[in-house]
Amino acid sequence: MSGQSQPSAAEVEAARDDPKQANILYHDWEANTYDEKWSISYDERCVSYARDRFAHVAGTEGWPYRNALELGCGTGFFLLNLMQAGVIEKGHVTDISPGMVEVALRNAKQLGLDVDGRVSDAETIGYDDASFDLVVGHAMLHHIPDVEQALREVLRVLRPGGRFVFCGEPSKVGDFYARKLGQLTWWATTNLTKLPGLTDWRRPQAELDSSSAAAALEAVVDIHTFDPQQLRRTAVRAGAMDVEVATDEFTAALLGWPVRTFEAAVPKEKLGWGWANFAYRSWRALSSVDTKVLSHVLPKELFYNVEITGVKP
């Protein structure tokens, strides 16, 4: 896939009333730079993240799953890192965005992983009944217009006793404070770097405009935020059994969103290994506090990420 050009203002406006087309526009546009934008990697940093998030809600029983599908795969982050962690043997990827499927398959090939894929709508998954032992997804349910219908499709393509695991979904409260922190950080960084002596820390205006355009389109494709228990009830209505929900990242999200926004607003060459090490170690330490301490004393609804798992009867 050649690099997608930035969608025009007319295309973005037309997509406001068509969330599926908006998702295709946004994710095709972002496909080739998505891993860099979100600091996605396929090394131990993200392998351990994917493994830990999966185990946090679904445990480790049943590993490795023989045959798994990632729904709304993006660049393949969740499935490919779960395969490297030994959670999954054979993988398949789907996404409504052709560009994302292409990048996910390219990443799989570079990693030497046994993966195939196809373009598919999550509400009408393009695989036969009872095809998989596991269906996974990361930060994708919130893009789907009809979440309950998508979960019904997930159960259809699972074998009896098969499991689904979805992680990284935004909670209602978490999305509110993350967006506010991101907006404040963007405003502060882009204005402070106009000052004398700080202009070297300012990205070219064309890049800032492109980031702002991406944020505007991202707001269109982010359809839902979730209350953990309401999401659980949706999965039960869809026909799942043994449904469990968990949440993670509170203090880690309070740090992570300003950090990601700052990284998007300043030239990449200004942020070296020292910054990356600081950001990662700080996020990891706070995530540990969130999981080991705060998850036992704070309401689930305060945490940024919602995770859900269930089983096909």
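The legends below describe close-up views of a predicted model.

**Figure 1. Overall fold of the chain.** The predicted chain holds 12 helices and seven strands. Its radius of gyration is 19 Å, which agrees with the value near 20 Å for a compact globule of 313 residues. Along the principal axes, the C-alpha atoms fill a box of roughly 65 × 45 × 40 Å. Buried residues make up 51% of the 313. Of the contacts between residues at least 6 apart in sequence, 80% join residues at least 24 apart.

**Figure 2. Surface and charge of the chain.** The accessible surface comes to about 14200 Å². Carbon and sulfur atoms account for 55% of that surface. The chain carries 32 positive and 43 negative charges. The mean positions of these two sets are 3 Å apart.

**Figure 3. The annotated span, residues 69–166.** An unreviewed UniProt entry lists this span as "domain: Methyltransferase type". In the model, the span is 34% helix and 32% strand. The C-alpha atoms at its two ends lie 12 Å apart.

**Figure 4. N81 in helix 5.** Helix 5 covers residues 77–84 and includes N81. The relative accessible area of N81 is 0%, so the residue counts as buried. Leaving aside residues up to four places away in sequence, N81 touches S41, Y42, D43, C46, V47, A50 and G76.

**Figure 5. Helix 7 and its packing partners.** Helix 7 spans residues 147–157 and is mostly covered. Eight of its 11 residues are buried. These are V147, E148, A150, L151, E153, V154, L155 and V157. Four strands and a helix receive them. The strands are strand 1 (65–70), strand 4 (132–138), strand 5 (158–170) and strand 7 (305–311). The helix is helix 10 (228–238).

**Figure 6. P228 in helix 10.** P228 is found in helix 10, one of the elements against which the buried residues of helix 7 pack. With a relative accessible area of 1%, P228 is buried. Beyond residues up to four places away in sequence, P228 touches V245, T247, K300, E301 and V306. P228 and S171 are 57 residues apart in sequence. Their C-alpha atoms are 7.2 Å apart in space.

**Figure 7. The cis peptide bond before P64.** The bond from W63 to P64 is cis. Its omega is near -10°. P64 sits in the loop between helix 4 (44–58) and strand 1.

**Figure 8. Positive phi at D242 and E249.** D242 is not a glycine, yet its phi is positive, at about 50°. D242 belongs to strand 6, residues 241–248. E249 also has a positive phi, near 70°, in a residue other than glycine. E249 lies in the loop between strand 6 and helix 11 (251–265). Its relative accessible area is 7%, so E249 counts as buried.

**Figure 9. S287 in helix 12 and its contacts.** S287 is placed in helix 12, residues 273–292. The relative accessible area of S287 is 12%; buried means under 20%, so S287 qualifies. Outside residues up to four places away in sequence, S287 touches E249 and A252. E249 is the loop residue with phi near 70° shown in the previous view.

Terms used: Residues are numbered from 1 along each chain as its sequence is written. This is a predicted model: local features need pLDDT of at least 70, side-chain atom pairs count only at pLDDT 80 or more; totals for chains, interfaces and linings use all residues. Side-chain values use heavy atoms; hydrogens and water are left out. Buried means under 20% relative accessible area, exposed over 50%, partly exposed in between (1.4 Å probe, protein chains only). Contact means heavy atoms within 4.5 Å. The radius of gyration is taken over C-alpha atoms; the globule rule is 2.2 Å times the number of residues to the power 0.38. Accessible areas come from the Shrake-Rupley method with a 1.4 Å probe; for residues, only the protein chains shown count as cover. Lys and Arg count as positive and Asp and Glu as negative; His and the chain ends are not counted. The place of a charge is taken as NZ of Lys, CZ of Arg, CG of Asp or CD of Glu. UniProt positions are given in the numbering used here, feature names are shortened, and annotations may be inferred rather than shown by experiment.
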